[in-house]
Amino acid sequence: MASEPSLAGQTVVITAGPTREAIDPVRFLSNRSSGRMGFALARAFDNAGARVLLVAGPVTLPTPDGVTRIDVESARQMEAAVNNVIDGADIFVGCAAVSDYRPAATSSEKIKKTADELTLKLVRGPDILAGVAARENRPFTVGFAAETENLIENARAKMNNKSLDMIAANLVGVGRGFEQDDNELTVLWEGGEEPLGKATKMVLAEQLVILVGERFSAHAQRERA
Ligand code: C5P
């Protein structure tokens, strides 16, 4: 890998963790994301000299030193928080496991167990990453692809469909990816691919920040030309 580019003076917005979609005042839909990869990235970008804004779903992790954290619960709150800070950001990394669906209605009272069957109607929520990538004057936009099969093929398709500059692909499943300290990432961009192998999320975050810095600089140079 080339020498580490500095990200001093750059603003990075990162989403991390799961979202919670309320069913009633005591129940919600969510997922197994621990937020560890996104928090490791926040620390690594801060170490590289960037100003880091971390939009976090409900997680039990300490805020890395120097990082500004904005706590949210639902996908719509996460989208609003991102939209509040994205203007002027240089890099966006969507690392959160955002709920794709939410209950069509949230009951204001706890749902009682009266009926034998209960049907929950779900509606699609916002795709925060695709929304950022579709903005005019968008930042350098990086996504994650958690896949259970055909990792590289699916990740590259996701990168193209969402118009991303870069995507970090990881296989998920039992004992893989979510809720683990280790992960295994392959990073893809247009015309390039770099497998980072299996390592702790902190080591992977540091390697990913180097790759983002390289591609971001190349991208900025092309924009200037
Ligand atoms: O399409 P898929 O959910 O697999 O894409 C994963 C990527 O998109 C991740 O970077 C995730 O943070 C982002 N995402 C998002 N909003 C959604 C769904 C996914 O920002 N509603």
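Here are some friendly notes on the ligand in this structure and on the pocket around it.

1. Before you start, keep in mind that this is a predicted model. Every value below was computed from it.

2. Begin with the ligand and its neighbours. The shell around the ligand is made of 13 residues. If you want to find the place quickly, look for G94, A96, P126, F144 and K158, which are the closest.

3. What kinds of residues make up this shell? Seven are nonpolar, two are polar and four are charged.

4. Next, look at individual atoms. Two contacts involve the protein backbone: a backbone N or O atom of P126 is 2.8 Å from a nitrogen atom of the ligand, and a backbone N or O atom of I128 is 3.1 Å from a nitrogen atom of the ligand. With K158 it is the side chain that takes part, as one of its N or O atoms lies 2.4 Å from an oxygen atom of the ligand.

5. How much of the ligand does the protein bury? On its own, the ligand would expose 450 Å², and the protein buries 85% of that area.

6. Where does the ligand sit? You will find it in the largest pocket. Two elements, α3 (128-133) and β9 (140-147), each give two or more residues to the shell around the ligand.

7. Now step back to the pocket itself. The largest pocket has a volume of about 820 Å³, and 36 residues line it. Nearest its centre are A96, A97, V98, F144 and A146. You have already met A96 and F144 among the residues closest to the ligand.

8. Several elements give two or more residues to the lining of the largest pocket: α1 (36-47), β6 (91-94), α3, β9 and β10 (166-171). Which of them gives the most? That is β9, with four residues.

9. Finally, the lining of the largest pocket can be sorted by residue type too: 16 nonpolar, 14 polar and six charged. Try colouring the residues by type in your viewer while you look around the pocket.

Definitions and conventions
Residues numbered from 1 in each chain as written. Predicted model: local features only at pLDDT ≥ 70, side-chain atom pairs only at ≥ 80, totals over all residues. Heavy atoms only, no water. Near = heavy atom within 4 Å. Polar contact = N/O pair within 3.5 Å; in protein donor to acceptor, adjacent residues only side chain to side chain. Areas by Shrake-Rupley, 256 points an atom, 1.4 Å probe, with all protein chains shown as cover. 1 Å grid on protein atoms, 1.4 Å probe; cavity = no way out; pocket = protein on both sides within 12 Å on 5 of 7 lines; lining within 4 Å. Sits in = over half its atoms within 2 Å of the grid points. Nonpolar A, V, L, I, M, F, W, Y, C, P; charged D, E, K, R; others polar. Points joined across faces, edges and corners; volume = space filled by probe spheres on them.
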